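Colleague: I am just starting to read protein structures. Please walk me through this one with questions and answers.

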Amino acid sequence: MKNTGHPEGSWYTQTADIPPAAPALSGDIRTHVCIIGGGYTGLGAAIELRQRGIECVLLEGARIGSGASGRNGGQMHVGQRLDPQHLESLFGADDARAFWDMSQAAMVSLHGLIDEFSIDCDLKQGLIHAWHRPKFATDDIAYAEFVRTNYGYDKTRILTKSEVATELGTDVYHGGILDMGGGHLHPLKLALGMAEAARSLGAQIYEHSRVTAITPKGEGYEVMTETGRVLCDHVLLCGNGYMHGLSDEADAKVLPINNFILTTEPLTDAAILPNDYAAADSRFVVNYWRKTPDNRLLFGGGENYMPWFPKDIRAFVRKNMLKIYPQLSDVTISHGWGGTLAITLTRAPFVRQLSRNFLCAAGYSGQGVVLAPYFGKLLAHAVSGDGRDIDLLSRLPVPPFPGGRRLRTPALIAGLSWYSLMDKL
């Protein structure tokens, strides 16, 4: 799906103070680091590089935060995408703990960014994972006990069926887990605030500068756009769902998919999310929702795997919302928009050194709000000579999607359609 900028139908677009577009790259520029992508990863890298006094240029193909970073549900999840028990089975207790500590550092870093640069992004604490089938209680209870016993993490609480009904304002779930370490925010305001911070530190940012080719040149790289060229020593590829054609390895392992969100008119039902927590459920094709500061329900649900969006996004998402909140059948839907994010086959993030001085971080599979800004920071550390965290992340299993270039999308559709069917049984 081509990114043409901030979607007009987005509540985020209408409630953020979006500055005029930065100029497109024109002519030749020489810099130490070229960052491709103006979302959380690229902006996190730019901030850290400039705080270390390292020269950088950031190229964004459309507008800052107009990809997944400014279109997502705004949910702040705790931990890595793979649960710690699974990571321990893959890597042992010490490395599993290192992954956990990294995720905690990412959350601390996010709060630090918001505080240091006074980013007003409607930050709220608390996130509920609700069980749409009783069997999902087992994994969440085991997770809560594991992180409490092994890592001293005591911010979770198991909710009974009646408790989760009270917290959500619906009785369709069988219980859940509340994590007060998680939460929610306005994702576009966060991205724009990070961009302002990067500029204040001296990062050069160019919008409407889509990268068309990355070519080794001497000891560094030549990065081409439609209107200019960057000569650099290091390249950081941070385009997530919008970087097709720039790396064969990334193309094979990181796949764009589309997800959709609506907001309602302001609610009059005070029973829905009375404590202002975010929520997500246990379905494979997950539903996620929260309230906005002006008391709308912001609800995300449904996805597709094609290079286009449904003709009626509001109707597409509304049918999922009404399965959870049938009492909202008469409530007007005020906004509807879509976003292209990126997944990997295992849902582990794809963080790799693609070649000498050429690094990539992408494929956050729904957990980019917390992890992406920090992984950008870790890319900057690697540029500075400390690649330990990138080396650890590169050990996560991220195989290529089956089927190659021609068949991987049909194979994905078949596989995900099966899981979607299982959600309904």
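Modeller: Happy to! One word first: two residues are in contact when they have heavy atoms within 4.5 Å of each other. This is a predicted model, where local features need pLDDT of at least 70 and side-chain atom pairs count only at pLDDT 80 or more, while totals for chains, interfaces and linings use all residues. Residues are numbered from 1 along each chain as its sequence is written, and side-chain values use heavy atoms, with hydrogens and water left out.

Colleague: Leaving aside neighbours within four places in sequence, which residues is Val398 in contact with?

Modeller: Val398 sits in the loop between helix H11 (388-393) and helix H12 (404-424); helices (H or I, at least four residues) and strands (E, at least two) are DSSP runs, numbered from the N terminus. At 5% relative accessibility, Val398 counts as buried, where buried means under 20% relative accessible area, exposed over 50% and partly exposed in between (1.4 Å probe, protein chains only). Leaving aside neighbours within four places in sequence, its contacts are Lys253, Thr344, Thr346, Ala348, Pro349, Phe350 and Arg352.

Colleague: How far apart in space are the C-alpha atoms of Val398 and Arg347?

Modeller: Along the sequence, Val398 and Arg347 are 51 residues apart. From C-alpha to C-alpha, the distance in space is 7.9 Å.

Colleague: Lys253 was in that list. Which residue does Lys253 form a salt bridge with?

Modeller: Side chains of opposite charge can pair when their charged atoms come close. A salt bridge here is a side-chain nitrogen of Lys or Arg within 4 Å of a carboxyl oxygen of Asp or Glu. Lys253 is buried, at 17% relative accessible area, and about one helical turn separates it from its partner, four residues away in helix H8 (residues 248-253). With the closest N and O atoms 3.3 Å apart, that partner is Glu249.

Colleague: Which parts of the chain does the salt bridge of Glu219 and Arg356 tie together?

Modeller: The closest N and O atoms of Glu219 and Arg356 are 3.6 Å apart, and Glu219 is exposed, with 61% relative accessibility. The two residues lie in separate loops, so the pair ties together parts that are 137 residues apart in sequence. Those parts are the loop between strand S9 (211-217) and strand S10 (220-225), and the loop between strand S18 (350-355) and strand S19 (358-362).

Colleague: Is Asp281, which forms a salt bridge with Arg283, buried or exposed?

Modeller: In this pair, the closest N and O atoms are 2.7 Å apart, and Arg283 is partly exposed at 23% relative accessibility. With a relative accessible area of 2%, Asp281 is buried.

Colleague: How many salt bridges does the structure hold?

Modeller: Some residues join up in a network of salt bridges, such as Asp28, Glu222 and Arg229. For the structure, the total is 18.

Colleague: Which helix gives the most residues to the largest nonpolar core?

Modeller: A nonpolar core is a set of buried Ala, Val, Leu, Ile, Met, Phe, Trp, Tyr and Cys residues joined through side-chain atoms within 4.5 Å. The largest one has 101 residues, and Ile35, Val223, Leu236 and Phe375 touch the most other members. The helix giving the most to this core contributes 10 residues, and 14 of its 16 residues are buried. That helix is H10.

Colleague: What length does H10 reach from its first C-alpha to its last?

Modeller: The expected span of a helix is 1.5 Å times one less than its number of residues. For H10 (residues 368-383), with 16 residues, 22 Å is expected. The model comes close to this, at 21 Å.

Colleague: Which residue of S12 is the bridge partner of Ile36?

Modeller: Two strands pair if DSSP finds at least two bridges between them. Four bridges join strand S2 (residues 33-36) to S12, and these strands run parallel. Both faces of S12 (residues 234-237) are covered, with His234 and Leu236 buried on one side and Val235 and Leu237 buried on the other. The bridge partner of Ile36 is Leu237.

Colleague: Which residue in S19 stands opposite Leu236?

Modeller: S12 is joined to S19 by three bridges, and the two run parallel. Opposite Leu236 stands Leu359.
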